[in-house]
Amino acid sequence: MGRSSAAKAELTKQKIIESAFALTLNEGFEALTFTKLSNHCGVSRSGINRHFPKKNDIVKVLEPKLEKLLKAQMDFSSPSAFYKSWVDGLASNSEFRSALLAAGPIIPTDKGIRNLKRLIKGSEAEVIKTIYMCIGYAVVNLN
């Protein structure tokens, strides 16, 4: 493949990823289909399949994008700071809310909890308590 073809293929791939991310945030990952993705990004289904043969292949590229978006909202300096940033994010950041709703099928729960335990500064008991308080808060407040 020539340089121009490789560059065009990479641009197409990025277009697919950005469309998949936008659709996931706006409609949820469960609603993401190759047909909907094709219509949204203007790439044929076969073109999408060249880059992402399975929906799970899209998950692999969406996961770090979702993690980055979620982490940008959160303050990991202490359990109380984390809880406040979580509550504030749910109250005032629609993109954070959408990312939390979309994360379920993309970021496995045990992996998410493990990552949070590693990132939040504080005693293990307080960190775990805070994580579960945040999950509970999200369950009650996300529609």
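Which helix does Lys68 lie in? Select Lys68 and you land in helix 4. Before going further, keep in mind that this is a predicted model.

**Stop 1: the whole chain**

Zoom out and colour by secondary structure. You should find eight helices and zero strands, so the run from the N terminus reads α-α-α-α-α-α-α-α. Taken along the principal axes, the C-alpha atoms fill a box of roughly 55 × 30 × 25 Å. Of the 143 residues in the chain, 38% are buried.

**Stop 2: back to Lys68**

Return to Lys68 in helix 4. Is this residue buried or exposed? Lys68 counts as exposed because its relative accessible area is 66%, and the cut-off for that class is over 50%. Now add Ala99 to the selection and draw a distance between the two C-alpha atoms. Lys68 and Ala99 are 10.0 Å apart in space, with their positions 31 residues apart in sequence.

**Stop 3: the largest pocket**

Next, select Trp86, Leu100, Ala103, Gly112 and Leu116. What do they surround? The largest pocket holds about 560 Å³ of space, and these five are the closest to its centre among the 24 residues that line it. Helix 4 (55-73), helix 5 (79-92), helix 6 (94-103), helix 7 (109-119) and helix 8 each give two or more residues to the lining. Which of the helices gives the largest share? Show helix 7, which supplies six residues of the lining. Colour the lining by class and you will see 18 nonpolar, four polar and two charged residues.

**Stop 4: helix 8, a buried cysteine**

Move on to helix 8, which covers residues 124-141, and pick Cys134 there. Cys134 counts as buried because its relative accessibility is 1%, where the class takes in values under 20%. For a long view across the model, add Ala20: the C-alpha atoms of Cys134 and Ala20 are 27 Å apart in space, and the two residues are 114 apart in sequence.

**Stop 5: helix 8, an exposed valine and its patch**

Stay in helix 8 and select Val140. With a relative accessible area of 64%, Val140 is exposed, in contrast to the buried Cys134. Extend the selection to Tyr132, Ile135 and Val139, and turn on the surface. Together with Val140, these residues make a nonpolar surface patch of about 410 Å².

That ends the tour. For a last view, show the Val140 patch and the lining of the largest pocket, to which helix 8 also contributes.

Conventions:
Residues are numbered from 1 along each chain as its sequence is written. This is a predicted model: local features need pLDDT of at least 70, side-chain atom pairs count only at pLDDT 80 or more; totals for chains, interfaces and linings use all residues. Side-chain values use heavy atoms; hydrogens and water are left out. Patches are made of residues with over 30% relative accessible area and no salt bridge: like charges are joined within 9 Å, nonpolar side chains (Val, Leu, Ile, Met, Phe, Trp, Tyr) within 5 Å. Accessible areas come from the Shrake-Rupley method with a 1.4 Å probe; for residues, only the protein chains shown count as cover. A salt bridge is a side-chain nitrogen of Lys or Arg within 4 Å of a carboxyl oxygen of Asp or Glu. Helices (H or I, at least four residues) and strands (E, at least two) are DSSP runs, numbered from the N terminus. Buried means under 20% relative accessible area, exposed over 50%, partly exposed in between (1.4 Å probe, protein chains only). On a 1 Å grid over the protein atoms alone, a cavity is a set of points where a 1.4 Å probe fits but cannot get out, and a pocket is an open set with protein on both sides within 12 Å along at least five of seven lines; lining residues have an atom within 4 Å of a point. Grid points are joined across faces, edges and corners, and a volume is the space filled by probe spheres set on the points. Ala, Val, Leu, Ile, Met, Phe, Trp, Tyr, Cys and Pro count as nonpolar, Asp, Glu, Lys and Arg as charged, and the others, Gly among them, as polar.
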